[in-house]
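Open your viewer and get ready to select a few parts one after another. At each stop, you will hear what to pick and what is there.

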Amino acid sequence: MARALILSSHVAASSVGGSAQALVLAALGIEPVVVPTVLFGRHPGWGAPGGGPAPRDTFEGMLAGIEAQGLRFDLVLTGYFASTEQVRLAARCCSGAKVVVDPIMGDTDKGLYVRADVAEAMERALIPLADVVAPNAWELERLTGVKADSPAAAVEAARRVGKPTLVSSIDCGDEIGVVYAEPGGAWVASHRRLEGVPNGTGDLLTALFAVALLENLAPAERLRRAVGGVASVVEAANKSGARELPIVGAALKDGAAVRVEQLA
């Protein structure tokens, strides 16, 4: 069984962050090992989350314990960080595995919602180590200075990252899309816009794409599976009126139908 190290948030009562990604990976046959960067009771979007950042000694000590146990990882997923020290320690974990970096910094609605030094540390220390970088459109613009307001613009911006890049929240007219660009080509997967989308779709997308990367699927198929899985979970949430993503029991591999188009 493949094993993944997840360095991101633990949010007890919300389907977001590293705790949600662990559910996804376990459902798809990958053993998750989660080292939390923050410990929250719920997503801050619901109000005061409770909890707080993982203390430095706790975070570093957990990594040391994992190393002492001799665990080896096929995949490292990084997400939300609360401090530059956490980023520095995370970078030390990125050898010998596929590395997928979700540079969680902010979004269109809120702007930058991590400290500026944490965002800069991710850009400086983690992105150069990544096999895939997975920003949203706002984060991609912050990284490159190019506004990713269409699939073509997202490809142009992704090329400036210098790494294979998965970009979410791309405007595709009546649809919403995800662009994936790598040296061999670029693709967009799109589906109809859905209302009432719960938090955590970016975390879900990154996890699903990472699994497909480990399975050595062709790029277009990786994208189709990841975006289709997210769409199916959101559709299930809409149908049931769920306020959180209903990940457990979801159709993560055989998700909703999405349109995949090659761009370059």
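Begin with an open space: the second largest pocket has a volume of about 410 Å³. A pocket here is an open set of points on a 1 Å grid over the protein atoms alone, with protein on both sides within 12 Å along at least five of seven lines, and lining residues have an atom within 4 Å of a point. Grid points are joined across faces, edges and corners, and the volume is the space filled by probe spheres set on them.

Before going further, note that this is a predicted model, in which local features need pLDDT of at least 70, side-chain atom pairs count only at pLDDT 80 or more, and totals for chains, interfaces and linings use all residues. Residues are numbered from 1 along each chain as its sequence is written, and side-chain values use heavy atoms, leaving out hydrogens and water.

**Stop 1: the pocket lining**

Select L63, I66, E67, R92 and C93, which lie nearest the centre of the second largest pocket among its 16 lining residues. Which helix gives the largest share of the lining? Helix α2 (residues 56–69) does, with five residues. Helices (H or I, at least four residues) and strands (E, at least two) are DSSP runs, numbered from the N terminus. By class, the lining has 10 nonpolar, two polar and four charged residues; Ala, Val, Leu, Ile, Met, Phe, Trp, Tyr, Cys and Pro count as nonpolar, Asp, Glu, Lys and Arg as charged, and the others, Gly among them, as polar.

**Stop 2: two cysteines**

Now select C94. Its sulfur is 6.5 Å from the closest cysteine sulfur, in C93, too far for a bond. The whole structure has zero disulfides, a disulfide being a pair of cysteine sulfur atoms within 2.5 Å. Is C94 buried or exposed? C94 counts as buried, at 10% relative accessibility. Buried means under 20% relative accessible area, exposed over 50%, and partly exposed in between (1.4 Å probe, protein chains only).

**Stop 3: helix α1**

Move to residues 17–27, helix α1: eight of its 11 residues are buried, so the helix is largely enclosed by the rest of the structure. Colour G17, G18, S19, A20, Q21, A22, V24 and L25 to see the buried ones. They pack against β1 (3–11), β2 (31–40), β4 (75–78) and α7 (201–214). Just after α1, find G29, with a positive phi of about 85°.

**Stop 4: strands β9 and β10**

Select β9 (residues 165–172), where S168 sits. S168 is buried, with a relative accessible area of 14%. Leaving out residues up to four places away in sequence, S168 touches P135, N136, A137, G177, V178 and L205; contact means heavy atoms within 4.5 Å. Add β10 (residues 175–182), which runs antiparallel to β9 and is joined to it by six bridges. Strands pair if DSSP finds at least two bridges between them. One pair to look for is L166 with its partner Y180 in β10. In this hairpin, with two residues between the strands, G173 has a positive phi near 70°.

**Stop 5: helix α6 and H191**

Next, select α6 (residues 151–161), whose buried residues are P151, A153, A154, V155, A157, A158 and V161. Their packing partners are β8 (132–133), α5 (137–144), β9, β10 and β11 (185–192). Finish in β11 with H191, which counts as buried at 15% relative accessibility. To look back to the pocket, draw a line between the C-alpha atoms of H191 and I66, which are separated by 40 Å.

Definitions and conventions
On a 1 Å grid over the protein atoms alone, a cavity is a set of points where a 1.4 Å probe fits but cannot get out, and a pocket is an open set with protein on both sides within 12 Å along at least five of seven lines; lining residues have an atom within 4 Å of a point.
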